[in-house]
Amino acid sequence: MDYKKLLPIIGIIILLYIIVTLDLQEIYTVFSNIHPIYSLISFFAILPVVLMTNIQWQILLRKQRIKVSFLYSLKNIFIGYFYGFISPGGIGAYTRALYLEHESKAPLGKCLSNIIIFNTIDYLSLLLLGAIGAIFLSSIYPHLFAVIIAVIFVIVTLLLFFLKKEKSKNIFLKIIQTRIFSSVKDRLTESLDSFYEDLPRFKDVLIPFGISIIGWIVRFTELYFISKLFLIDVSFIYFILIIAVANVIASIPITIYGLGTREASLITMFLFFNVIPEKVLGLSLFWFTIIWFSPSILGAIITYIETKKLSMSFLNEKTVEKFSNYMKRYPELYRNLTDVVKKNIPNKITKPIIVDLGVGPGLLSQEIIKQTPNAKIIGIDPSGKMLNLANKNVKKDVFQAMLGASENIPLEKNTVDIIVSRFSLTYWKKPRDSFREINRILKPGGKLILEALNNKFSKWKLFAIKTHMIFNSAGLDVIRYHSEAFKTAYNIQQVEHLLKNSGFKIIYKEAKKNDWKYILVSGKGK
């Protein structure tokens, strides 16, 4: 078992344990005593926080000569909230470097280094406040100060080392080979020098550092006033310091935005001031909703909109290779369609001629050859790059790659037994002409097996798929290639209508309501 995968749920387990050991009725009473108007007003606490964060970030962006508008950098911050929310320790927030690169046209390495510096400054300012809090609380928790000072020392040492290009370059090369950067490691390796381009000097980060400290104090002050709604009576100074220490502890990457670890540390420290755990838990979860969960929801919407703006990339050699490597992880997708192909080959035909229309990297053809070794497979695609890759993947004498398009297939009339097309329909310029061309080259009684994307598929489910692909190292170009295809997809009723008008008879269909794809088998009239 890979125990690293269990790390993100440790904090959640701690939180669940805390909840089941407390009086749920008391927690309900705590929340029910809060006036709804005050709750609504509390949700506006995020506004000064993100505005100060954006001012701080704009200063750093200008120091590194990365030009984006104040509004865009604000939107990018919310994108970071979303990706941070769905990843342990908020590590996914670095994904926003991809969006920054697209908007600013600055090198990816430079954008990533800017966000690393920004996050490090923000974390160091929190650690400083946490260290001050640990000093004041050292009489209660004597080891707390030593732990936080050790963390500060490590972070500062890493930051100073990181700023020295020649010493850190080799180590950074190793870091970008890890999973978090795997989707963009090729581009990062190519532009590694840009990572160190226009790095801010020590004096350049003093103002952002000061703004960050003020930002944390504003957060904690807002929380102090909100704590009065929960009838928590602790002096302002002690409250601020306790919250600072708790947030340092919550930054340990074993949960989602500190859930569980924050509550455990707050309950422990507030007990010294005779505050009951139910009030502390209520306050912490309420604050989590305001400062993390709500902006993450807004961030999800902004991410969805901004992702749509990322134009579909040109199919270069690297993109094609990435596309092939990613799709090789899901052989079951090809096996299912191959089973349909095999079932539709008449028993009397011993050596069927099968056209893989829109062959791509040849993975479907490869699977068909495994199950029907006597068949001759002709792979047709309008992309020479895809055909080159198909020839590499399908190293069989029975496979032949041809350059062609669906509306102009370079084959004689009545020569093909089966035409199979997987997800290429969305790219056909004139589907009516394509179906007539398919009808032309099929033998009498020949069959068209079409697997197609469903344009009725939920956009939110598609967004979830994009997110899954990001964290499974698909690569941004591959994600665009997949997701953009849905924009020109057809629903099954539209395709059935086109087939019937082109002289086909529907033999079989495999479709689930609102699923992402469907399969149609149709026959050419004799």
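Let me start with the surface of the chain, which exposes about 25300 Å², with carbon and sulfur atoms supplying 63% of that area. Please keep in mind throughout that what you have on the screen is a predicted model. Of the 526 residues of the chain, 53% count as buried, and the secondary structure comes to 23 helices and seven strands. As for the contacts in the chain between residues at least 6 apart in sequence, 73% of them join residues at least 24 apart.

Let me turn to the sheet, which is open, has seven strands with mixed pairing, and follows the order β3-β2-β1-β4-β5-β7-β6. Its edge strands are β3, residues 399–403, and β6, residues 504–511, each of which pairs on one side only. From one strand to the next, the twist averages 20 degrees. As a general reminder, the strands of a sheet pair through backbone hydrogen bonds, and they do so either parallel or antiparallel. In the case of β5, residues 442–453, and β7, residues 517–524, the two strands run antiparallel and are joined by seven bridges; Leu 450, for its part, stands opposite Leu 520 in β7.

Which strands does helix α17, residues 331–343, touch where it packs on the sheet? The answer is β1, β4, β5, β6 and β7, and the direction of helix α17 makes about 155 degrees with that of β4. Helix α20, residues 431–441, also packs on the sheet, touching β1, β4, β5, β6 and β7, and in this case the direction of the helix makes about 145 degrees with that of β5.

Next, I would like to set two residues side by side, beginning with Ser 365, which is found in helix α18, residues 363–371. Is Ser 365 buried or exposed? Its relative accessibility is 0%, and because the cut-off for buried is under 20%, Ser 365 counts as buried. If we leave aside its neighbours within four places in sequence, Ser 365 is in contact with Asp 356, Val 359, Ile 377, Val 394 and Phe 399.

The other residue is Ile 297, whose place is in helix α15, and which, at 44% relative accessibility, counts as partly exposed. Ile 297 belongs to a nonpolar patch on the surface, formed together with Phe 293, Leu 298, Ile 301, Ile 305 and Trp 460, and these residues have about 540 Å² of accessible area together. Helix α15, which spans residues 277–309, gives the most to that patch, with five residues.

Notes: Residues numbered from 1 in each chain as written. Predicted model: local features only at pLDDT ≥ 70, side-chain atom pairs only at ≥ 80, totals over all residues. Heavy atoms only, no water. Patch = residues over 30% accessible without salt bridge, like charges linked within 9 Å, V, L, I, M, F, W, Y side chains within 5 Å. Areas by Shrake-Rupley, 256 points an atom, 1.4 Å probe, with all protein chains shown as cover. Salt bridge = Lys/Arg side-chain N within 4 Å of Asp/Glu carboxyl O. Helix = DSSP H or I, 4+ residues; strand = E, 2+ residues; numbered from the N terminus. Buried < 20%, exposed > 50% of the residue type's maximum accessible area, 1.4 Å probe, protein only. Contact = heavy atoms within 4.5 Å. Pairing = 2+ DSSP bridges. Axes fitted to C-alpha atoms, helices over the stretch in contact; angles between N-to-C directions.
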